[in-house]
Structures are given as structure tokens and as C-alpha cells.
Amino acid sequence: MFISTTCKENRHTKNSEKLPTDYMICTNCQKVLRKQDKDARVPPPTTTGPTAFIPEKEIAQDNPVDGHANLLFLEEYSTTGHLDNVTRIMGLHPQYLESFLRTQYYILRMDGPLPFEYRHYLAIMAAARHQCSHLVNTHVNELLQVGGDGEWLNGLEYVPQKLKNINEVNKILAHRPWLITKEHIKKLLKTGENSWSLAELVHAVVLLAHYHALASFVFGSGINPEMDQDRTAAISNFCLCDASNESNVEDVIFMCSSPGTSDSVSELEALMERMKRLQEENEEAEASQEEMATRFEKEKKESLLVATGAYEDELISTSYTSRYVDDPSFGYKDFARRGDDHLPTFRAQDYSWEDHGFSLVNRLYSDIGQLLDEKFRMVRNLTYNTMAIHEDVDTTMLRRAIWNYVHCMFGIRYDDYDYGEVNQLLERSLKVYIKTVTCYPERTTKRMYDSYWRQFKHSEKIHVNLLLMEARMQAELLYALRAITQYMT
Amino acid sequence: MEKMARVTTALSGTTITGRTMFYHLDAPANAISVCRDAAQVVVAGRNIFKIYSIEEEQFVEKANLRVGRKLSLNFSCADVVWHQMDDNLLATAATNGAVVTWNLGKQSRNKQDQLFTEHKRTVNKVCFHPNEVHMLLSGSQDGYMKCFDLRKRESVSTFSGQSESVRDVQFSVRDYFTFAASFENGNVQLWDMRRPDRYDRMFTAHNGPVFCCDWHPDDKGWLATGGRDKMVKVWDVSTTKTKEIYCVQTIASVARVKWRPEMKYHLATCSMMVDHNIYVWDIRRPYIPFGMFEEHKDVTTGIVWRHIHDPYYLLSGSKDSTLYQHMFNDASRPVDRANPEGLCYGLFGDLAFAGKDSMFGSDSNRKTYGGERRYPIFFFKKPDLSEQFANVSSALNVFETELGSNSMDWFVNMAQQYILTGRSLADLCDHNAKIAKELYRYQVAQTWTMLRIVYSNPGAISSVNLNQSIGKSGGLPLMNSLKELSVALGNETRLERGKAENRQEINHLDSSNPLITANEENEETEGSDVPADYLFGDVEGDEDDLYMVDHENAPAEEHEYILPQEAFQLRHEIIDNPSAPDHLQDKVESPHVSGNEAETVCLTPIESFSLMSISQPLYDAYLPADYFNSLVKDMLHYYAEQGDVQMAVSVLIVLGDRIRKEIDEQTQEHWYTSYIDLLQRFKLWNVSNEVIKLSTCSSINCFNQASTTLHINCSNCKRPMSSKGWICDRCRQCASMCAVCHQVVKGLFVWCQGCSHGGHLEHIMNWLKTSSHCPAGCGHLCEYT
């Protein structure tokens, strides 16, 4: 929603002559504004640089760009002609960035079953589910560059039937991937002249999952719109309230959720302490089997309580991206809440990426399995053995807790994981953040980003975002690929 | 396929009998294992843990080990193994990381014996020591292998792979202390149990996870591994250097591999995804499975040979909730269905063909493939023919195409020399006929001549011409008797008959002109009833077309000059420069070809003259030229069918409006595009452009309008020249000056790659005729070739 009457300043001076100023206003601010009869004056955003969450100079301080990252930047620049903010932020983790860029390059630009304009349109569709105008804009440009039909940009009604058909899958994958069944797959593959081939479908699914997850990263890291894009890009993804610390609805949540925030150093120490204890504890009395099972359920249920009640009444919709969205009210619904139509928990041991997902995806869309495998492996093993000011820390537990917590929210359970650990390692504000970023990324605010792990470096928080993004992508892929496998047998 | 075999084997006291049979389990199986005497099988999965006895006709459920009110994850099994020494002892690996042992001798309902919860992650595999009762080995996702002594409550030693998850562990059958472990990162490690600190040996076996490994039951140095990369590899580890000795490529990731008992070179595999079959391979024949079991409807998760000394029974469990016993004799043999013939075209038109010997008779010059010649096979018992690959000896024949027989010279020459417009129809036909004749394409020549007679003014026919035609008509005897002829041609059309009658009249009226009639008859004969030698020629032409389409690097390329590729790239704007001598110019705009329409207009009045008027002006308006249109149309179709689209299009253009209406637009367009495509493959740009220009199809004509813009860069500053004219906006200099005349080169620019000076092609050519130095005076010795 644009409220152009309230904001007249425009920080993009170079564009200021030709466009009316539009800022995105989050729901909270809208409420506030409405209460104040729209006479409140919201200050313009002050941050520049790649992200709204991290001051530009801190990025540089945090992690001076090393040679490896520079090389990657250069490569990316030479292939795409620009260096977007996502790449710059990911440059904090050059090892991962390399893997990420290679995959993205492969699925967008290398030989594959889908024509180029389809690929970019799928990216647009996927990003639009989360109202991520940053990605939508990028790919609108790309679509036009590869000679796609400009007509398509008018909305979903203007694209070929074939693309329309996959929108259902896009919707489900974006918000409730556990609902996808082999019937959905069948519907896509057996519709006469507009049907998809298996290889095309797998390519499309990989693209969709990639861009859903990337949208999470974009919002989670507060990526700013590209400066060099045309006018549409000037609209920020983030409400101005993120930058300014005006009071709003969220405060209530955070005030009550993290009582001890004032003492953040001791918080960090406590976390370290807990990790250490958990590591030693292993030898001690095992939790009974029933308890293990209930812990998963508990964690699942608890994820319900984590948060977001205040938002549910309002439907955010930006006119620009909504044209690519059909049925916008379809959103994430807690996996655990369904009560009556109880779907079975997805057992990670019965359909794992390493054993099953990889083989299927690689068979139908050659080499992508290898790339994704590398990327997942990279992100799961990525560590610098540091935690804020401490060094030589084994963060395996923490990383695994985050990964499994994301999967838990999508109903994927690991038999060999004690979900009690999640409770001990992930503080409430972090859980809120994780849930928001993976399930409704468009609602992420700077406040959420700031409220957890205050002592940690920004690069470490970006590392968390990478974990969230990849965990989410894998979860979506697992559900989609399982449905395809079921269809094939 | 549905044959059922019954086999009885006597093995050291126990007798195994049975047939192919299956049993519906309640839940998907993850793993199966048999007890030592081959009488019972245990099936384990996430929701199943049962023991079945294998009876002669069926499986019978013996025990359900999944008991208790609240079932814990300890019952959710990833793997199960039955001890080969003690019939009461079983071990399972649970998905939650527990290793559980079970004692069937226990009196209580719950047979659980011991529980080890030392692994932090899912345990993928458990394995009993083959000779030691109390020793159990486990491999887990957390990257550790643990060895348990069942008499103690915890592990006796822990082995750290120092790499990723362990997927399989296997004790060596022969070597007491050795075991192998396979890892998710593609490595295989060999350990000595006495040294838990470090592995003995490590090698990278696969790209991606190694899901399984199996020691050869007889040969202690052989280890088979299967991985996600769809390979099964056999390693010889008996020497200090690990060597890959066999490799089998399957079609899906390999989940399990088991050596077939008593068969040195056989092993069974099943896959984890997509492919549901079980294959038995002879590792010496890695391209085709020796046997195949296709019963399962979902992926096979566990395979085991029923008895360690019996190669005929295979048990398998699957995700489709069935337990199968397969009889080896019931296996399908893919080799029986395989097609032992192969056919392949070589780059230069050679054709290789391999097939069974029997197909070629007893030729002496052939090679046979024999597996045994290199690898002698020793069987435990007497050799059984059904246990060997049926040997198919095959022969390979290579057919070479005769040099020059597929040359397309005639096509190129004709395309270049044909004249399609600009003269009177008669001249055009004469000229083209002459060209065709020179190239030994007599039928084409005749056709041209005939077309001329049909459509053209009678006065223009010279008897010389006719005589020539007759002389070249392939040795066909002149037929004087028209009656004879009409008898000879069984499929003569009504039209011809009509003609024959006419000619009879002609004969009567003017018997002094027999030559004409005879000639006509010859041509008719060819048109309607193709003589054998021409047919041959055309077939050959067909092959050539095919060949040319496949390989663009055909030899026949003749041009006045071929310039380096760069010369064409964004260097020159080629507009309105008649002095530029090359075909490039023509491509943009053909200067010397006049409009087709004007031509046709001046030719149309001739239409009213008919064939008959040749000999007898009396019958002037008797038979209009249109009369033959359907025949000509058939003729064109005939040529197009034969692959000589050149002829079809040329005639179409020459005749223009006379014939155009007879043939539907789409067919014409199709011919045009094929011909233009062919011309362009031969780089006959001039001709192709002329054809485009002359075509009357709007869709063909517009080829010329597409992409006619050339973008050029300034030769000084290397920037694009945006504005019109020859002066660069940026550096204010004239771009691309000729070194000889110092004028701007607006057409072809040729330059020396040594000193990068150049200019008008003609100027440079002339200059270098007289001087070998660069015209710019730089002192470089330029060369023009």
C-alpha cells in the first residue's frame, strides 16, 4: 500500500524529478497512522548501502572484504552486469557465496528444460508470494532482457496457461508445502497441450523453492532495493519504522518476550554455558522415548505461540507485486494447528535429501543435484568457530538446532534429534525471528533483527539467515520431490 | 516370463526348496536378514519388526518383536542383522541412534536384550562379526563406528572416520581384524580393529555418498561398493595399492550390493530411488544385467541371498510392503531381449553396422567377441550353461561412401549458373537446359526443353536444339510407332492419350517431321514412367541431401574470395555502394536483379501458344498452354518429392504466374524455404538472395526485410558509431580510411593482420600486385592471399 500523501521526501534524489514518492508502510505503521488520522509525519529512511538493518560502515568493519569475495564479486559483475545487494551481503561469507552464485547461475542461465523467460517469470511469481519487490524488480528486468513478453508483466491473467497452472504449486510450496500431493503433480503433468514434462517441473520446483527462500533472506537481512534499477525499484521493502525507533505494536511483543534484554552480555554467557552443559550432559540419563516424541510435539506447538497474533487481522498487499499473486489470503498456517485433519509428520529418515531428493532431482535435471548438494553441505558445515567475542567454539549444536527448528515448523522430524535442545539453545526472540523470516518474511522488521543475540556480529546474524534460507529451501524441495516420487511410483 | 521353476538344492544337511513367492507385510520394510539355516527371515522397518519362516510354498509369520504398549523409536529400524553363529541373536539399528540387540531365546514377550545409546545420530548399519559371537559393529550418521562386546554394557572401542556420516560397515569375511566402512563423502576406509586411533587405508571410491559395500565371500581382497553416482565398483585391496578392477554402471543410485554365493563374478544390486528392480550383474559384462527381478512396485530396500552357499534364492523386501523370494531361474534375462544390432553414420558419410554373425553368413573377415577367452571361469560345481552369458558373436561392417559420389557440385554449379529471370522464357529454358546438360543431368535438361516447348513461342525452337535433346536422351530408342508407345506405357494419362491422338493426326498431316514427335514421346516417357538410370540418380541425390544436412563442413564451397570472419563484424555500413564487389553487398540489396513482376508481364502474352502450334499452325488455339499445367504441377511435385527442390523452385520462378496458381501457397513456401536453406548451407548467398527476391510468396520475400541493419564501430576509438555518416561522434575522425586512396571505405574493408593497415579491397589487391610493402608506408611486408 502506498501512502504518498504522508511522505514527500525522497532520498533518491536522482530520480526525484520524475516519480512521485512512494514508500512502503508496514501494517503496524498503517495502524498507527490511521489512529493519528494520518497526520503523522514519518521520517524518511536514513540508511543507505546494501541493507537497511546494518549500517554500511559496520559491514566493512565487521568483515573486511577479502580477496576471495572480491573475485566472486568480479565474476558476478561480469556475468550479470551489476552487483546486487544480496550478493554484497552474502559476500560476508564468500565460501557460501561461491556455491550460491554457481547454483543460481545454473538454474537461471545455463542449459535447462525451461526457456529463459519462463525461468524469470517463475522467479517473479515465487518472490511475489512474499511481496518481495526487490526480487520481482530484478527479474522483471531480466525477463525483458531475455526477450520475454512484456505483456506477461501485467499479471497472472496474461501469461500462458502452462505458467498459470503451476501457480497452485507455487502457492502451496511458498506457505504450506506439506499440503502438496501427487495429485498436484499429476494435474500439472497430464493436462493435454499445456502439460509440463517431469524435467521442466523439477526445474520449476527448484526455481520456486530457490526464490521463496531467497525472499526470506532478502527480508531477513533487510536488503535495500537496487540503486541502479529503474524507478520501480525505488520503493523500499521496509517500512520506515524499522529505521526509526518509533513505538509501535511490536514493542509489546518484545518487551514481554525477552525480559532480560538489558543484560545482553550475560545472555551470551548463559547460552555458551547451556551449550557446554548439553554437550556434557549427553552421557547422562537419556530421556525416555515418549518424552522425546512429546518434545517434538511440544516444540511444534510452541512455535504456534511464538508470535504473530498481532498481524493476523491484516492482509498486506502491495499493488505492484500483487498482480503476480493469485489467492493472496493463502498464507502460512501452523503445521501443528490443524488438529482435525492431522497430516503425518514427515520423517526425515524416510525421505532425505542425501539419499532420495538428490537422486531424483539429478536424474530429471542433470547436475543440479550436485550443485544443491554442495550448497546444502556448505551451509551446514560453514563455521568460523566463533560466537560473538569468543573463539574456538563448536557451534555445531547451535547450527543444528536452528536447522531442525526450521524443519520442525514445516513438520519435518528427525528421529535422532532431541528437540529439547531447541528450547534450551534458541531464545524466544530468536524463535520469533526465525519463524517470521521463514514463514512470513514480509513481516520482518529491524526490531526483530536487532532483538536477538545482541552481542553477536552482523556477519553471524547473516550466517543465521543463510541457515534459515537453505533449511527452508530444503524443506520445500523435500516435500515437492516426495510428491513427485510418489507420482512416479 | 511367468514360468515358475522349482529347484531343490542339497547343502550340507539342510535342503532348500521353494518357488518365487511373496508375502504382504503390514508396512514398508527397511531391511531384511536371514538366519544361518536359511529357514527364517527377519523384516525390519519403521513400523514393522517381524520374523517369518520360509516354507516351501509360502512365508509364515513366526514372531512379532514390536511389542509393548507405547512403542518407542528404538523399534524404528534402519537396519537389521541376524547373527550367523547364534540363531537367537539379532541386532537392529534405530533411526534415533540406538543400537538394540534381541534375544529370541528369552521367555518374555519382549525379546529386547541390550540397548546401546551411544550414537548421537541415526545408526545406518549394524554388522556382526562372522566368527566372533559377541562382537557387533555399528556405523552412524554422526561419523563414528563403534564396536560393542555384547557381554559388556558399553562399546569397547570407537572409531572416528574424521569425515562425514558412515553409511555402511562390513567385517571382512576372511580377515579377522579388518572391517570396511563407507562414507557419505565418497570415501571408503579400511580399519584394523586393534587400532582404533587411525584407519589402515582410505580411498575415494565414488563421487557422492557410498551407500553400501560388500566383501567378496571367497576372495578376501575384493570389495564391492555402490554409490549415489549410479556405479558399482569392485576394488582389489589385497595388495598395498588399492585398485579398481571392475566397474558397473547402473541406471539409478545403488542402495545395496550383495555378492552372489558361489559365483565369483556375480553380484546383486538394488536402487534407492526411481528404479524398483533388482539386478544381478556379471561384473565382466558391465553394460547389461545378467538377470533382473521386476516384481516390486516400489523401491527395493533390502536384498539378501537366502543361504550363503546357494546362488538360486534371493529374498527382498521393499517399500511397497512386500517380501519376496525370487528364484534365479525365474529372473528375466535382459540379454535375450537386447537388440544386438547397431547402426551409425560416420562423419564423412561412412556407415557402420554391427550385427549377429548369422546375418552375414560365413564371411571370413570378421571379429567375434568372446568373454571366456580372456577370463576363464571356474565354477564350484559343474558349469551350468544357464549361468553364463549367452555369447553372441557379432560382426562389424563399415560401408564407405565412394569418394565424390555424394558430391553436391552439380547443385552448386546449377545454382550459380541458372538464370531465372531477365530474359525471355525460351531463352531461360534453353540456357538452363544447357547448364543441366553440361552437368550430366539429362532428365533435368529434358524437362527444361520441354517446358520451353510447352510454354514458349514455337518459332524459337531450332531443330538443332531438338536434336541435341534427342541425342542426349539416355540411349532410349526412338519410337516411331505411337501405338507401340501407348501400349508400352501402362499408366498413361488421359492427357497423353489425347496427345497421342493428336500426334497421329500430325503424323498424317505432316509426316516430314517425325523427329519432333519422337522427341516428345521420349520426354513423356521420362515424365510419367521414370527410366531406371534416372531413378538411380535421384536416389543418390536424396542421400546426398541427407548427408549435407547433417554435416555442414562439406567440401563444396566455391567463392571468389573468402574473407576472414572478422571482416564482417560491425565494421562497415554497407549501404548504397555499388562499387563493393562482393556478395555481402548483394545480401543487403541486390542491385542487378530487376523486379520479377515486370518480367512476367512481358512474358504473359506468349501463353496462348500451344505445343501443337509447333508443327501445325493450323491448330493454333487448339490446345492452350494451361492445358499442361496439371502435368507440370505433377512434375514439380515429383521433383520436390525426389529431393530436387532446386528444380522445383527454379521452374516455379521461371514460369512465374503461368504455374503459380496451380500450386498452393504453403507448398510453394515450403519449397522456397528448403531451397533457400540449402543454398545458405552452401554459402551461396547471392543465389539465395536472388531466389528470395524473385519469390512471389510474401512470407519468403520478407526474409529480405529482416535484420538489415549493420552496426559499426569507429576504428579509432572503438566506440559504436551512433549517428549517420562516416565521422565518429566521439573522436571526430573519419573512420576506416583506405590506405591507398585515403577515402573512407564504405564497403568491404580488408586489412593486414600484421600491421592493421588496410582499405578498399580492390585498391589493396591492386597495390599488392605491384608492391609488397604496406601502402600506409609503415614498412610492413603485407601479404594478400
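Student: Which residue of β14(B) is the bridge partner of Ser138(B)?
Tutor: Start with the strands, which are DSSP E runs of at least two residues, numbered from the N terminus. β13 (residues 135-140) and β14 (residues 144-149) of chain B pair in the antiparallel sense over five bridges; pairing needs at least two DSSP bridges. Opposite Ser138(B), the bridge partner in β14(B) is Lys146(B).

Student: What kind of model is this?
Tutor: Residues are numbered from 1 along each chain as its sequence is written, chains are lettered from A and ligands numbered from 1 in the order in which they are written, and side-chain values use heavy atoms, with hydrogens and water left out. Local features need pLDDT of at least 70, side-chain atom pairs count only at pLDDT 80 or more, and totals for chains, interfaces and linings use all residues: the model is predicted.

Student: Which strands are the edges of the open sheet β12-β13-β14-β15 in chain B?
Tutor: The order of this four-stranded sheet is β12-β13-β14-β15, with antiparallel pairing. An edge strand here pairs on one side only. That holds for β12 (123-128) and β15 (155-160) of chain B.

Student: By how many degrees are neighbouring strands of this sheet turned against each other on average?
Tutor: Axes are lines fitted to C-alpha atoms, and angles between N-to-C directions run from 0 to 180 degrees. Direction is ignored for this average, which is 20 degrees.

Student: How many residues are in the hairpin between β14(B) and β15(B)?
Tutor: The two strands pair in the antiparallel sense over five bridges. In that pairing Tyr144(B) stands opposite Ser160(B) of β15(B). The residues through which the hairpin joins β14(B) to β15(B) number five.

Student: What is the average turn between neighbouring strands in the sheet β16-β17-β18-β19 of chain B?
Tutor: This is an open sheet of four strands with antiparallel pairing. Its edges, pairing on one side only, are β16 (166-171) and β19 (201-204) of chain B. Direction ignored, the average turn is 15 degrees.

Student: Which residue in β18(B) stands opposite Ser182(B)?
Tutor: β17 (residues 178-183) and β18 (residues 187-192) of chain B pair in the antiparallel sense over five bridges. Opposite Ser182(B) stands Val188(B).

Student: Which three residues supply 27% of the area that chain B buries against chain A?
Tutor: The chains bury about 2400 Å² between them, with 48% from carbon and sulfur atoms; this is accessible area (1.4 Å probe) lost on being put together, summed over both parts. Contact (heavy atoms within 4.5 Å) involves 30 residues of chain B and 25 residues of chain A. More than any other three, the suppliers of that 27% are Arg46(B), Arg228(B) and Met273(B).

Student: How far apart are the closest N and O atoms of Arg46(B) and Asp350(A)?
Tutor: A salt bridge puts a side-chain nitrogen of Lys or Arg within 4 Å of a carboxyl oxygen of Asp or Glu. The interface of chain B and chain A has five. Arg46(B) and Asp350(A) form a salt bridge, with their closest N and O atoms apart by 2.9 Å.

Student: In which helix do Arg377(A) and Asp373(A) both lie?
Tutor: They form a salt bridge, with the closest N and O atoms 3.3 Å apart. The total over all chains is 30 salt bridges. Helices are DSSP H or I runs of at least four residues. The two residues are four apart, about one turn, and both lie in chain A's helix α18 (residues 368-381).

How values were computed: Buried area = accessible area lost by both parts, 1.4 Å probe.
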